[in-house]
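Me: Please take me through the helices and aromatic rings of this protein, with the criteria spelled out as we go.

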Amino acid sequence: MGEMQSAFGGGGGLELFKSFADIAIKNQEKRPDDYIGSDGFLHCGICKEPRQEHYQFVRKDIENAEPVPVLTTRQCKCDRDRVAEEERKKKADADMRRIQRLRKQSLMDAKFTAVSFDTLQLTQHNQRNLKWCRNYAKRFEEMFEKNQGLLLWGNVGTGKSYAAAAIANYLLSQQIPVVMTSFVKIVEDMQLRKINEYDFLESLSYAKLVIFDDLGAERKTDFAAEIVYNAIDDRYRKKLPMIITTNRTLNEMQDETDPKYSRVYDRIFEMCYPMQFTGPSWRRKIAADNYDAMQSLFEDDD
């Protein structure tokens, strides 16, 4: 109210203030349960708080002037709760729009957008890893401060990418910016000049976590090796965490003889905790299930 008081100033300001206050009183909604209290003000019939008050207007143009009481409207508890709820809904809507923008900006493949820790099927092979990945996501702020990443390695189809996507989606739901992409896509886009390296690395800088999926699937050329190294080294130098998924084994990475890739793995081992994914291939299982389903359909006599 102090800002309003100073804005209206002296005698003319008092009359202007009164006119605005009179309009507000005249247009004030009268709810069915409202009543006039012993203080003469309109009261809310639900929370019982006054919905009117006398604002003590002090003229600035007269020294030591006595405040002039002006009847004005005020919010009761019900009004304040309603405004707070409206603000909460606005914030929730804005948060959802922001999350959707983050998902679009994440470069995540469509097949990963609905993945969560609740939708992933637990098995004897992945139970411990998924628990660790969930804990990583829940304690991400601590992981971020420590610049701690993950290296998810193992055979094709063992769920590495889905575990990484579950982490990404959990963090996105918390409005933490995440980018999930692959070096196959990065290298192809740069070769086709869809993006340049500088702009790409800058675009990754805003992400608190970057997930590089399927390292090693890109064609092993000098160009690709340089792109891979620069992207990983950029995260390293900026002390920003990353998650790497790869079908390569630890021994293959540790025994890499190609210096272009050995320096890549050195950076990864320094930043990322290795987690091996084992078990039968989910892709083969899904293919086998689809085959059995189609065979049953074709053999049906109906």
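**Helix α11 and its surroundings**

Reply: What covers the buried residues of α11 includes β5 (149-154), β7, α9, β8 (242-246), α10 (250-254) and β9 (272-277), where contact means heavy atoms within 4.5 Å. Helices (H or I, at least four residues) and strands (E, at least two) are DSSP runs, numbered from the N terminus. This is a predicted model, in which local features need pLDDT of at least 70 and side-chain atom pairs count only at pLDDT 80 or more, while totals for chains, interfaces and linings use all residues. Residues are numbered from 1 along each chain as its sequence is written, and side-chain values use heavy atoms, with hydrogens and water left out.

Me: Within what arc do the buried residues of α11 fall, seen down its axis?

Reply: Buried means under 20% relative accessible area, exposed over 50% and partly exposed in between, with a 1.4 Å probe and protein chains only. In α11, the residues Y261, V264, Y265, R267, I268 and M271 are buried. Taking the directions from the helix axis to the C-beta atoms, these buried residues line one face of the helix, because they fall within an arc of 155°.

Me: Which exposed residues does the face of α11 turned away from its buried side carry?

Reply: The buried side of α11 includes Y261 and Y265. On the face turned away from that side, the exposed residues are P259 and E270.

Me: Which residue caps the N-terminal end of α11?

Reply: A polar contact is a pair of N or O atoms within 3.5 Å; within protein, one must be able to donate a hydrogen and the other to accept it, and residues adjacent in sequence count only if both atoms are side-chain atoms. At this end of α11, the backbone nitrogen of K260 lies 2.9 Å from a side-chain oxygen of the capping residue, D258.

Me: How many aromatic pairs are there, and why is the pair of Y261 and Y265 called stacked, edge-to-face or tilted?

Reply: Rings of Phe, Tyr and Trp (its six-membered ring) pair if their centres lie within 6.5 Å, and planes under 30 degrees apart count as stacked, over 60 as edge-to-face and the rest as tilted. By this rule the count is 8 aromatic pairs. For Y261 and Y265, the centres are 6.3 Å apart and the planes at 40°, so the pair is tilted.

Me: Over which ring does the charged end of R267 sit?

Reply: A charge sits over a ring if NZ of Lys or CZ of Arg is within 6 Å of the ring centre and within 35 degrees of the ring normal. R267 is among the buried residues of α11, and its charged end is 3.9 Å from the centre of the ring of Y236.
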